[in-house]
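Got the sequence and the 3D view open? Let's take a walk through this protein together, one region at a time.

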Amino acid sequence: MIRILVVEDEKPINELITMNLTAAGYECVSVYDGLAACDALDKESFDLVLLDIMLPGADGYEVLEFIKPMEIPVIFLTAKGTTEDKVKGLKLGADDYLTKPFEIVELLARVESVLRRAGKAQSEFEVADLRIDMRSRSVYRSSKEIILTMKEFDLLLLFAQNPNIALFRETLYEHVWGSNYMGDSRTVDLHVQRLRKKLHWEDKIKTIYKVGYRLEI
């Protein structure tokens, strides 16, 4: 299982990130200051570090210098959102940079992207009664494969990585179809209906009035 160290001193944010990453199939360890992060990195192995910059003990830049020899990918999570801050973080060696406030769905997409570039992306995970194989883009219930189209698989993956979170139709469209949402919900609604039917998830993918959909696990 992919192990992620979450270094964030604001406890509610740390807990929200950890909860959603855990729901998406990752194993998380949370710390709340820079020195605790260095201690955890010294004692345990991790596949990715989510690192705030403004931290007590040692700031994110100092922790990044500690991480560099370990060759662990790092995503900065910070309220320091100017272009100069981003350039500094990336030049120092961060693999990505996400400015607060951010949507969890975007964080999960960034995590997946960085892990994939590092050759560490998880190949499969389970959600509810399904097993999702990322490498072959296949879905199984027990040992029986459920045949999905490319868009249906991408839609399922987005739901599976964001369980119990209401996803706007705009979010679904932009992440699955890769273009700006133009206000026509028919494409999203049709694919969700087909996905529900194929998975027998009529009771799991809930319609959220005037918003979109939520996978309830």
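We'll begin with a sheet, move on to its loops, and then look at some empty spaces and a few single residues.

One thing to keep in mind from the start: this is a predicted model.

Let's find the sheet. Four strands make it up, in the order β6-β7-β8-β9, and the sheet is open, with antiparallel pairing. Why do β6 and β9 each have one side without a neighbour in the sheet? Both β6 (124–127) and β9 (144–146) stand at the edges with a single partner strand each, so nothing in the sheet sits on their other side. If you're wondering what pairing involves, strands of a sheet pair through backbone hydrogen bonds, and they can do it either parallel or antiparallel.

Now zoom in on one pair. Strand β7 covers residues 130–133, and four bridges join it to β6, with the two running antiparallel. Try spotting one of the partnerships: Val 127 has Leu 130 in β7 as its bridge partner. Once you've got the sheet in view, look for helix α6, residues 150–160. This helix lies across β6, β7 and β8 (138–141), and it runs at about 115° to β7.

Next, follow the chain through the loops of this sheet. Between β6 and β7 there's a loop that holds Ala 128. Its phi is near 55°, which is a positive value in a residue other than glycine. Further along, the loop between β7 and β8 holds Arg 137, and phi of Arg 137 is near 55° too, again positive in a residue that isn't glycine. Are these residues buried, exposed or something in between? Ala 128 has a relative accessible area of 43%, so it's partly exposed. Arg 137 comes out at 38%, so it counts as partly exposed as well.

Time to look at empty space. Where is the largest pocket, and which elements line it? It holds about 410 Å³ of space. Among its 22 lining residues, those closest to the centre are Glu 112, Arg 116, Met 134, Leu 157 and Gln 161. The elements that give two or more residues to the lining are α5, α6 and α7 (169–176). Of these, α5 gives the most, with six residues. The lining is a mixed bag: nine nonpolar residues, seven polar and six charged.

There's an enclosed space to find, too. Searching the whole structure for cavities of 30 Å³ or more turns up one, and the largest cavity has a volume of about 30 Å³. Its lining is made by Tyr 26, Glu 112, Leu 115, Ala 121, Gln 122, Met 134 and Gln 161. Sort those residues by type and you get four nonpolar, two polar and one charged.

Two last stops along the chain. Look for the peptide bond that joins Lys 100 and Pro 101: it's cis, with omega at about -5°. Pro 101 is in the loop between β5 (96–99) and α5 (104–117). Then head back to helix α1 (residues 11–23), where you'll find Thr 22. With a relative accessible area of 44%, Thr 22 is partly exposed. Thr 22 and Arg 3 are 19 residues apart in sequence, and their C-alpha atoms are 9.8 Å apart in space.

Note on methods:
Residues are numbered from 1 along each chain as its sequence is written. This is a predicted model: local features need pLDDT of at least 70, side-chain atom pairs count only at pLDDT 80 or more; totals for chains, interfaces and linings use all residues. Side-chain values use heavy atoms; hydrogens and water are left out. Two strands pair if DSSP finds at least two bridges between them. Contact means heavy atoms within 4.5 Å. Axes are lines fitted to C-alpha atoms, for helices over the stretch in contact, and angles run from 0 to 180 degrees between N-to-C directions. On a 1 Å grid over the protein atoms alone, a cavity is a set of points where a 1.4 Å probe fits but cannot get out, and a pocket is an open set with protein on both sides within 12 Å along at least five of seven lines; lining residues have an atom within 4 Å of a point. Grid points are joined across faces, edges and corners, and a volume is the space filled by probe spheres set on the points. Ala, Val, Leu, Ile, Met, Phe, Trp, Tyr, Cys and Pro count as nonpolar, Asp, Glu, Lys and Arg as charged, and the others, Gly among them, as polar. Buried means under 20% relative accessible area, exposed over 50%, partly exposed in between (1.4 Å probe, protein chains only).
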